[in-house]
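The following note sets out points for a colleague who is about to examine a model. Please read the points with the sequence and the coordinates at hand.

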Amino acid sequence: MAQDLKALSFATADDSEELARAELYGLLARLWFAPPDETLLQQFRVAVTEAPTPGAFLEAPWQDLVAAMRATTVQAAADEYDALFQGVGKPEVFLYGSYYLAGFLNEKPLVQLRDDLARLGLARDETRGETEDHVAGVFEVMRYLIAGDDVAVCNLEQQRRFFRAHVQPWVEKMGDAVIAHPRAELYAKLAAFTQAFVQVETQGFDLLE
């Protein structure tokens with residue numbers, strides 16, 4: 001899931017804005033799914049850090065994330081990811097929607113998500129151990145709904161419905177849990193940027209209603 005960070009922008013008003021949204025969802029999915037490898041860290045070393053409009057809402061949290069990525073190493077990022085999200089038994093921080101919506105894993109929110117994915121013609125990748133309500137999974141669905149070729153599925157209304165049901169209600173809560181953890185450094189910056197991006201998306205969908 002390679003992402004071209006140089007393609008990201010934050011304040012355009014044509015098709016490039018949709019490309020930037022899809023790229024950001026894809027990048028966030030990649031970063032939450034696994035720690036960055038050397039190729040991705042190298043991309044961050046040359047990533048654009050300024051928004052086209054100075055002071056844009058995403059500019060400061062993006063700059064913080066880029067700085068954190070440039071300051072880390074593959075091993076340090078992997079160690080932090082494992083400490084926060086892996087571990088033996090219960091992880092320090094959960095990355096699954098059901099936990100934040102129902103208090104437990106594999107609960108009713110996951111069933112509802114699976115039903116909605118089936119209606120969209122999407123199925124779980126059986127090669128991945130995570131359930132569909134992993135934050136990387138819902139972000140990847142959003143990327144598809146923005147950038148996919150099937151206009152019957154990949155359209156703004158489907159984006160709005162999926163975001164309202166499966167992203168907006170819990171991702172910021174997850175970000176709060178990550179930021180509050182004393183061992184979170186790189187991932188605290190990623191969580192803050194994720195929260196800011198979700199807030200921008202929320203405001204955008206509010207304008208449609």
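1. A residue is called buried when its relative accessible area is under 20%, exposed when it is over 50%, and partly exposed in between. The coordinates under discussion are those of a predicted model. With a relative accessible area of 29%, Tyr99 is therefore partly exposed.

2. Tyr99 belongs to helix α5, which covers residues 97–102. Once neighbours within four places in sequence are set aside, the contacts of Tyr99 are with Phe94, Phe104 and Leu105. Met174 lies 75 residues away from Tyr99 along the chain, yet the C-alpha atoms of the two are separated by 9.3 Å.

3. How many aromatic pairs does the model contain? The count comes to 13 aromatic pairs. One of them is formed by Tyr100 and Trp170, and this pair is stacked, with 5.9 Å centre to centre and 15° between the planes. Tyr100 lies in helix α5, whereas Trp170 lies in the loop between α8 (156–166) and α9 (171–180), so the pair ties together parts that are 70 residues apart in sequence. Tyr100 and Trp170 are both buried.

4. A further point concerns a cluster of rings. Trp32, Tyr81, Phe85 and Tyr187 are linked into a cluster by ring pairs.

5. Helix α9 deserves a separate remark. Val171, Met174, Gly175 and Val178 are buried in this helix. Viewed down the axis of α9, the buried residues fall within an arc of 100°, and they therefore line one face of the helix.

6. Turning to enclosed space, the structure holds one cavity of 30 Å³ or more. The space in the largest cavity comes to about 60 Å³. Its lining consists of Gly97, Ser98, Leu101, Pro109, Leu113, Asp133, Val138, Ala165, His166 and Trp170. Trp170 thus appears in this lining as well as in the stacked pair with Tyr100.

7. Which helix supplies the largest share of the lining of the largest cavity? That share, three residues, comes from α5. At least two lining residues are supplied by each of α5, α6 and α8. Sorted by class, the lining of the largest cavity has six nonpolar, three polar and one charged residues.

8. The second largest pocket has a volume of about 350 Å³. Two elements, α6 (108–119) and α7 (135–147), give two or more residues to the lining of this pocket. Helix α7 gives the most, with six residues.

9. The lining of the second largest pocket comprises 19 residues, and those nearest its centre are Ala123, Asp125, Arg128, Gly137 and Val141. By class, the lining of this pocket divides into 10 nonpolar, three polar and six charged residues. Charged residues thus number six in the lining of the second largest pocket, while the lining of the largest cavity has one.

10. Is Asn106 buried or exposed? The relative accessible area of Asn106 is 51%, and the residue is therefore exposed, the limit being over 50%. Asn106 is placed in the loop between α5 and α6. Its backbone also merits a check: phi of Asn106 is near 55°, a positive value in a residue other than glycine.

How values were computed:
Residues numbered from 1 in each chain as written. Predicted model: local features only at pLDDT ≥ 70, side-chain atom pairs only at ≥ 80, totals over all residues. Heavy atoms only, no water. Helix = DSSP H or I, 4+ residues; strand = E, 2+ residues; numbered from the N terminus. Buried < 20%, exposed > 50% of the residue type's maximum accessible area, 1.4 Å probe, protein only. Contact = heavy atoms within 4.5 Å. Phe/Tyr/Trp six-rings, centres within 6.5 Å; stacked < 30°, edge-to-face > 60°. 1 Å grid on protein atoms, 1.4 Å probe; cavity = no way out; pocket = protein on both sides within 12 Å on 5 of 7 lines; lining within 4 Å. Points joined across faces, edges and corners; volume = space filled by probe spheres on them. Nonpolar A, V, L, I, M, F, W, Y, C, P; charged D, E, K, R; others polar. Arc of directions from axis to C-beta.
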